[in-house]
Each structure stands twice: as structure tokens, then as C-alpha cells.
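Visitor: Could you walk me through this one? I'd like to hear the reasons behind the labels too.

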Amino acid sequence: MGSDDNGRRDVGEAAKVGLFIGGTWRDASSGATFDLIDPAREEVVGTAALADAGDTNAAIEAAEAGFAVWRKTGPWERAKVLRRVAGLLGERGEAVARSLAVACGKPLAQARGEVAGAVETIDWYADEARRIYGEVLQGRAPGQRFVVTHEPVGVVAAFTAWNFPVALVARKLAPALAAGCSIVVRPAEEGCEAVAMLVQCCVDAGVPDGVVNLLTGKPEPVADAVMASDLVRKVTFTGSVPVGQHLMRRAADTMKRVSMELGGHAPVIVWDDVDVAKAAKAAAAAKLRNNGQVCVSPTRFFVQEGIKDGFVDALAEAVKGMKLGHPLDEGTEVGPLINRRRLEAVDGMVRDTVAEGARIVTGGGRPAGMNRGYYFEPTVLDGVEDGMRVMRDEPFGPIAPMTSFKSLDEVIERANALPVGLAGYVLTGDMARAEATAAGLKVGMVGVNTYAVATAEMPFGGVKHSGFGRENGRQGILDYLDVKFTNWTMG
Ligand code: NAD
């Protein structure tokens, strides 16, 4: 996209996404591009620039120059600029949502929700820019003050996944800018046009040149140059555990600060006092949000034994009732998966689980009559045991594995048995049960009778292999600030 079109491309027109370095949209220095694919039609819908190491080093140097300006820009001014970014993204929200729907197969209503969430995050951090508190302690001697202040860490590099292209970038860009940092963003290939639209909002809102830079293309050349650079002082990553581990190892060489928002495998603990029909309907909607390609998606259903069979049947009915279709059709609730690789992974996981002894209650393959696009039927698997692959590996797709439990201690032990711990859910009307279950789960976020755990004002993130650092909330800005202690001894 160019600097003058404000991201208002009509859908149907081919996307052309450039790099944004030091305040200028440009092609990759090699001139190379890659294709953007619509996963609902398996068609090329545009191209984007393929950044190399040279482009990455140029972006890092631009970010270093941008940092020199932005760190001296006062918090009230940073707040004003960020609030303008949020306003522009809101105004352009429909175009951004349509781009997400086409590029990621995300049903339009959900794409609108993603953009609205990104606007809220940016708006929240506009306020947080003005609330970077320090600390003062009486010194040990007369005339002495111990003072703690916070300073921006410097140039930040952000790598994000394709499942929420705009929201994931907003969760990094907004606190970074609020703190006074500059940023080099490398989004996933899928959905990068929508991220370019967000970058254009930054430009039009008056973010100075070099403060926000965008690199599109393959991750490795960008990551290699970023990790080798001493100018980049922090790396923030959203994606899978193995890539997070790889980046963390690389960060050691230049001692970069790191935040990791990685995978999960969220347990849902359904106690026998719930309204089964209502709980199953809510579970189906949560499970199929973004087609299950959500790191906090409910993925391991532990249902108390007395209601397990009834819950499985009700969930199967509920998922069958959800409308598969083209993401741009208003009624569509379930779109295609993001790419062929994900389609094959989901298909392979269902086949492996069946081979291990599970039973398909509904779904299990490509939907009849939809032989174009990366569609997969919403799938409920029963007779699942904890050792099966689907209970160990994150499904990241429309698969709901069902198992039963008897007691609190047993289900907590099983729910906590995996190395990851991102989100967990508890469904019950009994507050004592709810409290004991929520307290027992080793995760970063718990939903009690709700699946809503991602909001602008509360911290999002995991424990154990799901990573560390928090995004959103008061806590999110701390990851972009260094702590400085000054001992003021007068006279
Ligand atoms: P992935 O780790 O392969 O890819 C995620 C992103 O990282 C993509 O943009 C990819 O291009 C990029 N990437 C790949 N190799 C890289 C490298 N060497 N350096 C820098 N970036 C690199 O994961 P995936 O399978 O595409 O995405 C799904 C995973 O992401 C799931 O495990 C999911 O739970 C996780 N995820 C986590 C969150 C969260 O906030 N916790 C949010 C969304 C997705």
C-alpha cells in the first residue's frame, strides 16, 4: 500500500503491501515480493514486499533515529498521538476488517470485533502513557532521597502470528509507543495488509518518522538481523512455543529483553450443575471463534461424568448448527482455516486421534460440497484419553476433544499435566467449586462461566511454556520500561 491511500482499498482490488522504513513506503531493496492468498478461494489476492537482512538493518537504524525523537516526546503528547491512532483505526475499521476477512478467512463479524479490540488497546495505552509511576523512598541519611524512575527500553522488534494480525500488533505497538520506544514490526505473511493499514493510521496520526517501521516477508532473514543487532533492546513474540524458544536462545547473545506470548491448550472444566444446553451452546461459539485458531481456544473438555454424554450430544448439535461459509458473507460463523499447512495439520490430528481409539461424534473431514478453500468441518471427538495426541498437542483448529472426570483433585492434576499454561475455564454455578477450580489451575488467565479473557484493561499472558510478560492492562507497559534507581544525596 502507498502513503496516500489510507488503506481504503476496495476488496476485489489486488493488495500491494510495501515496507515502511523511516517514514517512507517502499519496495524491498531486492524488488522481491510474495503472494497473498485468500484461504476461502485459494486465489492470489495481492502481493507484499519480501524484506531481507539489508531492509531489516535499514529499519533498525530508522527505529534508532525514531527513538531519539520519541523518547524526548512528553507523555501527554504521546497520549494525544496514540488516541489519534485509535480514532483513525476506528474510522477505517470496516476496510481493515474486510482485509482481514479476505486474507485470514475470518468471518466479517469477528474481523470487526478484532479491529474494535485493537482500537480499545491503543486507546487504553494512550492513557497509560500518562501513568508511568515511579517511587520515592526516604534515603538512609539526612538530605538523601532514593528515587526510582522508568525509561523506555529503546528499539523494540515485534514478531506476531496470523490469527489476530491487527490485535496482536496493537498489543505490542501501543504499549511500546506509550512507553516512549520505537518499533520494528514483522507481522505474519497472512494479514499483513491489515497491519499496513494500522501503520498508515500511525503515520496519519502524526507518529514521527522512524518510530514505527514495518517489514513483511519471511521471518528468518528479519529475525536473524534483528537478533544480531545490539541496537534492538527488546524482542516481543506471539506464536508457537518452539519458535519462542528459538528466539529466546538467540536473544541471549545481545542480552535483549524478551516477552513471549506462546501456545496453550486450555482446559474447560464443566461441573455437573451447569445448564447443559446453555453451556454447550456457549462452548460451541467459543470453540469455533476464528475456527479454533486462537491461543486461548477451549481445547480440552473435562466434563463431570454424570452429564458427560448429554454435554457431548448438545455440543455436537450446537456445532452442527453453526454456519460455514465465505468470510465476507454476513451470516458466516465459521470460515476456512488459514492455509493448507494448517488444514493438513488439523486433518492429521483427527486421523491420529481416531487411530488412537477416539470416536468422531460430528465432523472429521472436509465439508461436503466445499472443495475449494481450506475448510474443515467442526469436529467433536469422544472417548478421548489424556495420553492421546489431541490432548497433548495444541489442536489450533475446529476440534473439540471430550473426556470425563470425577473429582476436583483428579481434574486439576490432569488439567495441569501439560507443560503449557495459558488460559483455563471453569463452568459451574457453585461458587465454592468455582473458587477451588480456578485457584487450582496453573495458567495465566481463568474464565469462570465465560470465555472472555482478552480485554484491553486486563493482563493477557501465560505461565510455564506458554511464556511470560503480559500484554494489555496496567501491567503491559512495564515490559517496555527499564527501571532506574537514583540515589539523590544533597550537599
Ligand atoms: P509459528 O510460531 O510457526 O508462527 C507464528 C509467527 O511467527 C508467524 O508470523 C511466523 O511467520 C513467525 N515466525 C516463524 N518463525 C520465526 C522466526 N524464526 N523468527 C521470528 N518469527 C517467526 O506459529 P503458528 O503455528 O503459525 O501459529 C500458531 C501458534 O501461535 C500457536 O501455538 C498459538 O497458540 C500461538 N499463538 C499464541 C498467542 C498468544 O498470545 N499467546 C496468540 C496467537 C497464536
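Guide: This is a predicted model. Taken over C-alpha atoms, the centres of domain 1 and domain 2 lie 30 Å apart.

Visitor: What makes up domain 1 and domain 2 in the chain?

Guide: Domain 1 takes in 15-262 + 466-486, and domain 2 covers 266-457.

Visitor: How many residues of domain 1 are in contact with domain 2?

Guide: 33 residues of domain 1 touch 34 residues of domain 2. They are said to be in contact because heavy atoms come within 4.5 Å.

Visitor: And what is the area buried between domain 1 and domain 2?

Guide: About 2700 Å², with carbon and sulfur atoms giving 54% of that. On the domain 1 side, E42, W162 and S466 supply 22% of the area buried against domain 2, more than any other three residues.

Visitor: Now the ligand. Which residues come nearest to the ligand?

Guide: T160, W162, S240, L262 and E394, out of 27 residues around the ligand.

Visitor: Why is the pair between T160 and the ligand called a polar contact?

Guide: A polar backbone atom of T160 sits 2.7 Å from an oxygen atom of the ligand. The cut-off for a pair of N or O atoms is 3.5 Å, so the T160 pair counts.

Visitor: What makes the E261 pair a polar contact?

Guide: There, a backbone N or O atom of E261 is 3.4 Å from a nitrogen atom of the ligand. That is within 3.5 Å, so the E261 pair counts as well. For L262, a polar backbone atom is 2.7 Å from a nitrogen atom of the ligand.

Visitor: How much of the ligand does the protein bury?

Guide: The protein buries 90% of the 830 Å² that the ligand exposes when taken alone.

Visitor: How do the residues of the shell around the ligand divide?

Guide: Into 14 nonpolar, eight polar and five charged. Helix 8 gives the largest share, three residues. Domain 1 and domain 2 each provide at least three residues of the shell.

Methods. Residues numbered from 1 in each chain as written. Predicted model: local features only at pLDDT ≥ 70, side-chain atom pairs only at ≥ 80, totals over all residues. Heavy atoms only, no water. Near = heavy atom within 4 Å. Polar contact = N/O pair within 3.5 Å; in protein donor to acceptor, adjacent residues only side chain to side chain. Areas by Shrake-Rupley, 256 points an atom, 1.4 Å probe, with all protein chains shown as cover. Helix = DSSP H or I, 4+ residues; strand = E, 2+ residues; numbered from the N terminus. Nonpolar A, V, L, I, M, F, W, Y, C, P; charged D, E, K, R; others polar. Domains from an automatic or database assignment. Buried area = accessible area lost by both parts, 1.4 Å probe.
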